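Got a fold to pick apart over coffee? Here it comes, with a round of questions to follow.

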Amino acid sequence: MNPKVYASLIFVTMLSMGLAFPVGRIGLDYAPPFLLMCIRFVVAGLLMAAFTARRTKPKDVWSWLRIALIGTLNSAGIMGCSYYSMRWISSGESAILIFVNPLLVILFGALFLKARYRVVQWVGVALGFAGVFCTMGAHFSMNPGTLISLLGACCFAASTLLIKRWGQEIDTWVLTAYQMLLGGIVLGLLSALFERPHIELGGGFYFSLVWLVLVNSILQFTGWSYLLKRGDPAKTNAFLFLAPFFGVIGGAVLLGEPLHAYVAVGGAMICTGIFLVNWRSAAPRSIATAERA
């Protein structure tokens with residue numbers, strides 16, 4: 001991929017990922033989290049399904065089951081957890097916790113794909129998780145928001161590896177459209193089971209929904225799937241430290257959320273950890289190599 005194109009896609013994708021948290025928090029004043037995300041992904045999925053009507057689609061059941069699993073993790077898991085967690089923590093804290101994903105990609109790659117990593121990369125993992133501890137005020141209470149965000153980070157890591165493993169077999173636009181649509185259906189079921197679905201119409205709701213559908217669903221998901229399919233997931237994930245940075249800044253600007261010193265320090269530790277994990281190149285036997293074994 002052309003380096004300039006790659007850099008531009010990384011910047012746009014990370015900016016949209018980060019701003020999804022404060023913009024989504026605006027929408028939560030008008031609708032509960034699972035319902036808001038259900039509407040977002042169903043609308044975006046239907047739009048993209050119409051756009052991809054003439055593109056090649058999988059013909060076997062297993063491919064559709066894979067798309068459904070990716071959608072459950074990538075749409076319902078990540079965004080459902082991150083937005084639901086904002087009932088207890090700020091949008092900036094949620095963004096930081098969700099984006100420990102690159103550290104979890106290393107752990108999951110080592111555990112399940114037999115990938116090998118250098119000592120410096122494991123130091124980065126340790127520093128990153130120490131940063132999570134610092135971000136939460138140097139203590140871990142049984143705050144539901146913290147645990148739910150970390151669950152979303154696990155979904156993020158799992159979906160990253162699955163997109164890399166299975167995404168080559170499926171058209172990027174088709175994968176993006178139907179994983180959002182199927183993930184939105186899962187979120188709709190969660191809303192029916194655990195929420196009292198309601199919507200209060202207003203300018204903030206329309207702004208949030210339009211932004212989430214056009215920017216954070218269609219643009220972001222297509223760009224992210226494309227980047228993962230064209231490169232090593234560990235290297236691409238190295239840039240995810242930009243997303244919580246944009247999320248924290250966006251929360252301060254759009255929502256007036258306070259930026260505590262310990263949150264900034266913890267975020268810096270996480271960023272440094274992610275940098276060490278992905279410094280220079282992946283390990284001698286990277287995730288991509290492990291996948292072919």
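Helices here are DSSP runs of H or I with at least four residues, numbered from the N terminus. One more thing before we start: this is a predicted model.

Q: How many helices and how many strands does the secondary structure of the chain come to?
A: Walk along from the N terminus and each element you meet is an α, right through to the end. No strand turns up in that run, and the tally for the chain is zero strands and 13 helices.

Q: What share of the contacts with a separation of 6 or more comes from residues 24 or more positions apart?
A: The chain has 293 residues, and 57% of them count as buried. Its exposed area is about 12,800 Å², with carbon and sulfur atoms supplying 70% of that. As for contacts with a separation of 6 or more, the share from residues 24 or more positions apart is 90%.

Q: In which helix is S149 found?
A: S149 has a relative accessible area of 0%, so it is buried. Leaving out neighbours within four places in sequence, S149 is in contact with S85, I89, S94, L97 and I98. The helix that holds S149 is α7.

Q: What separates the C-alpha atoms of S149 and L97?
A: L97 is one of the residues in contact with S149. Along the chain the two are 52 residues apart, yet their C-alpha atoms are separated by 5.8 Å.

Q: How far apart in space are Y84 and S149, C-alpha to C-alpha?
A: Y84 is found in helix α3, while S149 is in α7. Beyond its neighbours within four places, Y84 is in contact with P33, F34 and I148. Y84 and S149 are 65 residues apart in sequence, and their C-alpha distance is 8.4 Å.

Q: Is S159 buried or exposed?
A: S159 has its place in helix α7, residues 144-166. Not counting residues up to four places away in sequence, S159 touches L73, N74 and I78. The cut-off for buried is under 20% relative accessible area. S159 comes in at 1%, so the verdict is buried.

Q: What is the C-alpha to C-alpha distance between K164 and Y226?
A: K164 is also placed in helix α7. At 12% relative accessibility, K164 counts as buried. Y226 is 62 residues away in sequence, and the distance in space is 9.9 Å.

Q: Why is helix α4 largely enclosed by the rest of the structure?
A: Check α4, residues 91-98, one residue at a time: S91, G92, E93, S94, A95, I96, L97 and I98 are all on the buried list. Helix α4 is largely enclosed because the number of its residues that are buried is eight of the eight.

Q: What span should the 14 residues of helix α11 have at 1.5 Å a residue?
A: The expected span of a helix uses one less than its number of residues, times 1.5 Å. In the model, the end C-alpha atoms of α11 (residues 242-255) are 19 Å apart, which agrees with the expected 20 Å.

Q: Which helices do the buried residues of α11 pack against?
A: The buried residues of α11 are A243, P244, F246, G247, V248, G250 and G251. Just after the helix comes G256, whose phi is positive, near 70°. The packing partners of those buried residues are α1 and α4.

Q: Which element gives the most to the lining of the largest cavity?
A: The count comes to one cavity of 30 Å³ or more, and the largest holds about 130 Å³ of space. Its lining has 13 residues, with M17, I78, M79, F156 and Q220 nearest the centre. Elements giving two or more residues are α1 (3-27), α3 (61-85) and α9 (203-230). With four residues, the one that gives the most is α9.

Q: How many charged residues does the lining of the largest cavity have?
A: Sorted by class, the lining has 10 nonpolar residues and three polar ones. For charged residues, the count is no residues at all.

Q: How far is M269 from G124, C-alpha to C-alpha?
A: M269 sits in helix α12, residues 261-277, and counts as partly exposed at 23% relative accessibility. Not counting residues up to four places away, M269 touches L127, G128, A130, G131 and C134. M269 and G124 are 145 residues apart in sequence, and the distance in space is 9.0 Å.

Definitions and conventions. Residues are numbered from 1 along each chain as its sequence is written. This is a predicted model: local features need pLDDT of at least 70, side-chain atom pairs count only at pLDDT 80 or more; totals for chains, interfaces and linings use all residues. Side-chain values use heavy atoms; hydrogens and water are left out. Buried means under 20% relative accessible area, exposed over 50%, partly exposed in between (1.4 Å probe, protein chains only). Contact means heavy atoms within 4.5 Å. Accessible areas come from the Shrake-Rupley method with a 1.4 Å probe; for residues, only the protein chains shown count as cover. On a 1 Å grid over the protein atoms alone, a cavity is a set of points where a 1.4 Å probe fits but cannot get out, and a pocket is an open set with protein on both sides within 12 Å along at least five of seven lines; lining residues have an atom within 4 Å of a point. Grid points are joined across faces, edges and corners, and a volume is the space filled by probe spheres set on the points. Ala, Val, Leu, Ile, Met, Phe, Trp, Tyr, Cys and Pro count as nonpolar, Asp, Glu, Lys and Arg as charged, and the others, Gly among them, as polar.
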